[in-house]
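The exercises below are to be worked with the sequence and the coordinates open. Each task is followed by a stepwise solution.

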Amino acid sequence: MNLPKLRIRHIEVDIPIIQGGMGVGLSWENLAGSVAACGAIGVVSAVGTGYRHPDMVKRDKFGRPIGSYNIHHPESLKKIIRDAKAISGGKGAVGVNILAAITDYERVARDAVEAGADLIISGAGLPLKLPQYVDGADVALVPIVSSARALNLICRTWKKRYNRLPDAVILEGPMSGGHQGFRYQDCFKREFQLKNLFPSVLEEAKRWGDIPVIVAGGVWSYRDILWFIERGAAGVQMATRFIATHECDAPLIYKEVVLEAKKEDIILLKSPVGYPLRVIRTPFIEKLLSGVNGWKGCVSHCVTPCNKGEEAKKVGFCIADRLGAAWLGNYEEGIFISGANGYKLKKQGILHVKELLDILTGKKPDPSLSDGRRRVIIPLRR
Ligand SMILES: Cc1cc2nc3c(=O)[nH]c(=O)nc-3n(C[C@H](O)[C@H](O)[C@H](O)COP(=O)(O)O)c2cc1C
């Protein structure tokens, strides 16, 4: 079966797949632009953009961007978006993922609009004021939710305050990479799994006039995509599979860490953002679990709920510093994120985005589902 096109506001793409935003630095111009060039939606991550163009920003002696202006840097984000659009060659669409929890959220939303983002995707908190920040610009607004209740609250608030509704909604279940919109214990309960949350969110979206519902979190294969499309989803958002692509903006060591991960290495941690965070057990995580506090002060003031380092001190690490370290290729000190299915990437190996999208749209067999040996064996540099 051919997958249907995905339509969101003025956007129409041939492939109903959104490549999920991955911060810090996994989805910048190369990945987002390459996905869009294939006729899907590529998403640039707006967090930590100061790391991408360090020459543009003020940094401390360890290379950490100083303050929220420099960590979520306007000119750096604009350059990333414009470069992604150039790589896309005008095909597909290029969106921006902005965590609702970041400091300077309003300013970053305006930066994204100014750079010509086709859509803004926003989760990790409820983006209740987002329509106000885009000032009526013709940009699609797509909140991420984890329940029908959250979608209802966003719709009610946006309708009342701005006479606007979401152009689509992403329902993210608890197998996704990074932050989870659930309490730790709920991530494992049957009723909170994506397939079980989906009917109620679909129904809520219909109540507001058929808002397209996109599902995310553990969607892995063409068969999974078909399963949701056949039941009324407009598309899927996928991230973990895109880590194992040549075009993913992460350094090779990041891809190696995910490719080497075993199922039991992928765990949930408490994050300074206030949500469980899915990461891979690496040396820094082992130290953290053994009781070492790895917090080294607040330099970047990256997310509002952290309260300038107060929460980071409690959980033992600064999220910006640790994701920044991973992006800089520091295996010992970095934090490496993956979805719960990351261990399945071994069999896929590192592919080009085009090849991965051919697999996900059923045009090519899926190596990750075969019993064969992995295709690319990469030694892990330690
Ligand atoms: C490495 C990594 C980083 C991520 N960073 C973000 C982020 O900055 N903001 C966000 O909203 N979601 C983030 N996510 C979630 C993805 O955008 C996506 O919705 C989710 O991972 C989908 O599940 P999947 O990875 O099983 O396909 C991240 C996921 C991964 C794997």
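**Exercise 1: a helix and its surroundings**

Task: For helix α4 (residues 105–114) of this predicted model, state which residues are buried, what they pack against and what follows the helix.

Solution.
- Step 1. List the buried positions: Tyr105, Arg107, Val108, Ala109, Asp111 and Ala112.
- Step 2. Find the partners of these buried residues. They pack against the helices α2 (67–71), α3 (74–88) and α5 (130–133), and against the strands β5 (93–97) and β6 (119–122).
- Step 3. Inspect the backbone after the helix. Glycine 116 follows α4 and has a positive phi, near 90°.

**Exercise 2: a second helix**

Task: Decide how far helix α15 (residues 353–360) is enclosed by the rest of the structure.

Solution.
- Step 1. Identify the buried residues of α15, which are Val353, Leu356, Leu357, Asp358, Ile359 and Leu360.
- Step 2. Relate this to the length of the helix. Six of the eight residues are buried, so α15 is largely enclosed by the rest of the structure.
- Step 3. Name the elements in contact with the buried residues of α15: the strands β3 (17–19) and β11 (235–238), and the helices α1 (29–37), α8 (222–230), α9 (240–243) and α14 (345–348).
- Step 4. Check the residue after the helix. Glycine 362 follows α15, with a positive phi near 80°.

**Exercise 3: cysteines**

Task: How many disulfides does a search of the whole structure find, and how far is the sulfur of cysteine 302 from the closest cysteine sulfur?

Solution.
- Step 1. The search finds zero disulfides.
- Step 2. For cysteine 302, the closest cysteine sulfur belongs to cysteine 318 and lies 5.0 Å away. A disulfide needs the two sulfur atoms within 2.5 Å, so the distance of 5.0 Å is too far for a bond.
- Step 3. Add the accessibility. Cysteine 302 counts as buried at 9% relative accessibility, and cysteine 155 is buried at 0%.

**Exercise 4: the whole chain**

Task: Is the chain as compact as a globular protein of its length or less so, and which values describe its fold, contacts and surface?

Solution.
- Step 1. Count the secondary structure: 15 helices and 13 strands.
- Step 2. Compare radii. The chain has a radius of gyration of 19 Å, close to the 21 Å that the globule rule gives for 382 residues, so the chain is as compact as a globular protein of that length.
- Step 3. Take the burial and the contacts. Buried residues make up 61% of the chain. Of the contacts with a separation of 6 or more, 66% join residues 24 or more positions apart.
- Step 4. Turn to the surface. About 15500 Å² is exposed, with 50% of it supplied by carbon and sulfur atoms.

Definitions and conventions:
Residues are numbered from 1 along each chain as its sequence is written. This is a predicted model: local features need pLDDT of at least 70, side-chain atom pairs count only at pLDDT 80 or more; totals for chains, interfaces and linings use all residues. Side-chain values use heavy atoms; hydrogens and water are left out. Helices (H or I, at least four residues) and strands (E, at least two) are DSSP runs, numbered from the N terminus. The radius of gyration is taken over C-alpha atoms; the globule rule is 2.2 Å times the number of residues to the power 0.38. Buried means under 20% relative accessible area, exposed over 50%, partly exposed in between (1.4 Å probe, protein chains only). Contact means heavy atoms within 4.5 Å. Accessible areas come from the Shrake-Rupley method with a 1.4 Å probe; for residues, only the protein chains shown count as cover.
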